[in-house]
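Visitor: I would like to learn how empty space, ligand contacts and exposure are read from a model. Could you take me through them one at a time?

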Amino acid sequence: MSEAVSPRFRSVLDRFAAYKPGKAVTSPDGRSFKLSSNESPHEPLPSVQKAIMEAAANVNRYPDNNATALIDAIAEHAGVSPDCVAVGCGSVGVAQMLLEAVAEPGAEVVYAWRSFEAYPLLVALSGATPVQVPLRDETHDLDAMLAAITPHTRLVFVCNPNNPTGTIVGHDELAAFLDRVPADCLVVLDEAYGEYVRDGRFPDNMELRKGRPNVVVLRTFSKAYGLAGLRIGFLVAHPEVAEAIRKTYLPFSVNSVAQAAGVASLAARGELLARVDATVAERERVHAALVADGWTVPRSEANFVWLRLGDRTAEFSAACDAQGVSVRPFGDEGARVSIGSPEENDAFLAVARAFPHRA
Ligand SMILES: *Cc1c(COP(=O)(O)O)cnc(C)c1O
């Protein structure tokens, strides 16, 4: 077959490689550990599984397009009124909604790099111009980000804790930054890992949003709430901002099973946050073990650790693969390794210990 394929696509698509599905890796004794996507290692709670099964019986009907029960439950837990909340198909979907609401050719979107790998893709697809500001000491460089803001900047992402480095920006420095960002530019605080933070300097976003209607807090059910497969994210913002963003919602894109699971998960919040505590304890154990083995690892406030391996990243990733541990390598920068169950973490630590890493 050598048919000419002639439909004209947007030139921006040429910049992206086709999606490559991750390959399953297996150890010589047949074990397989997935530490590549920062998921919860736990299956959904029985109460959440029950809500999912019950909702499944009604999928011949369209979902509630307003996601009323879910938004009400989120608002109650966040201590805001429901008109401050918007939901989307994962927080990636909400980020896309935000960009759809502000982006057009000539508009600029500022974010740190390296940060969440979805940002470049979403910004490019939106037609806006990405402006990447290098991290300093594995952390957002807020002064440099401020300097990168121009009259064309419509939106700034602050990924806090940052994926993949796990570092945070603290309340005071973030407040000082927000005071200097033009009021007509949205600042999106992507707190996908907010539940895992134990550092007391972490921003109180309720406080930060007070008197600053351009601040948007982005959260997800995919990590601490363990619902990555169901795709629910949400934002908390000034009611007028939330209203504008809701206009870009792809109708019905938070499906009815997801809505029911989200409500049930908020009802079981205590149990889920106890699981987060266990993951945090594992994170501290993994961090301490790596440091004791001579690795340099930034303090992580999320459910992963970051190894800046430079040009040895691929070699390290292959060593992990060989033991059935899949991690997330990023070019020749480093590898991000999720915190899983104790057994999974031990499998990763064994590979790290055996890998020649000391200078
Ligand atoms: C995992 C992650 C998300 C969550 O994405 P969902 O679409 O909600 O699954 C959002 N932001 C960052 C920085 C993440 O790492």
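Guide: What follows goes through pockets, a cavity, the ligand and one loop residue, in a model that is predicted.

Visitor: How does one find empty space, and what is the volume of the largest pocket?

Guide: Rolling a probe the size of a water molecule over the atoms shows where empty space is left. Here the largest pocket has a volume of about 1,700 Å³, and 47 residues line it, with Tyr19, Lys20, Ser37, Glu117 and Arg328 lying nearest its centre.

Visitor: Which element gives the most to the lining of that largest pocket, and how do its residues divide?

Guide: Helix H4 (118-126) is among the elements that each supply at least two residues of this lining, together with strand E1 (33-34), helix H3 (90-102), helix H11 (313-322) and strand E11 (328-330); H4 gives the most, with 4 residues. By residue type, the lining of the largest pocket divides into 22 nonpolar, 12 polar and 13 charged.

Visitor: What can be said of the second largest pocket?

Guide: The second largest pocket holds about 400 Å³ of space. It is lined by 22 residues, of which His77, Ala78, Arg219, Phe234 and Arg269 are the closest to its centre. Its lining divides into 13 nonpolar, 3 polar and 6 charged residues, and the elements that each supply at least two of them include strand E7 (215-220) and helix H10 (269-292).

Visitor: How many cavities are there, and which residues line the largest?

Guide: A cavity differs from a pocket in that the probe fits inside but cannot get out. The structure holds 3 cavities of 30 Å³ or more, and the largest, with a volume of about 40 Å³, has a lining that includes His42, Tyr196, Lys223 and Arg275. That lining divides into 5 nonpolar, 3 polar and 2 charged residues.

Visitor: Which residues come nearest the ligand?

Guide: Of the 13 residues around the ligand, the nearest are Tyr193, Thr220, Ser222, Lys223 and Arg231; Lys223 also belongs to the lining of the largest cavity. An N or O atom in the side chain of Tyr193 is 2.5 Å from an oxygen atom of the ligand, the side chain of Thr220 likewise places an N or O atom 2.5 Å from a ligand oxygen, and a polar side-chain atom of Ser222 lies 2.6 Å from one. The protein covers 94% of the 390 Å² of accessible area that the ligand has on its own.

Visitor: Finally, is Asn66 buried or exposed?

Guide: Asn66 counts as exposed because its relative accessible area is 56%, where the cut-off is over 50%. Asn66 sits in the loop between helix H1 (46-56) and helix H2 (68-78), and its C-alpha atom is separated by 9.1 Å from that of Pro251, 185 residues apart along the chain.

Definitions and conventions. Residues numbered from 1 in each chain as written. Predicted model: local features only at pLDDT ≥ 70, side-chain atom pairs only at ≥ 80, totals over all residues. Heavy atoms only, no water. Buried < 20%, exposed > 50% of the residue type's maximum accessible area, 1.4 Å probe, protein only. 1 Å grid on protein atoms, 1.4 Å probe; cavity = no way out; pocket = protein on both sides within 12 Å on 5 of 7 lines; lining within 4 Å. Points joined across faces, edges and corners; volume = space filled by probe spheres on them. Nonpolar A, V, L, I, M, F, W, Y, C, P; charged D, E, K, R; others polar. Near = heavy atom within 4 Å. Polar contact = N/O pair within 3.5 Å; in protein donor to acceptor, adjacent residues only side chain to side chain. Areas by Shrake-Rupley, 256 points an atom, 1.4 Å probe, with all protein chains shown as cover.
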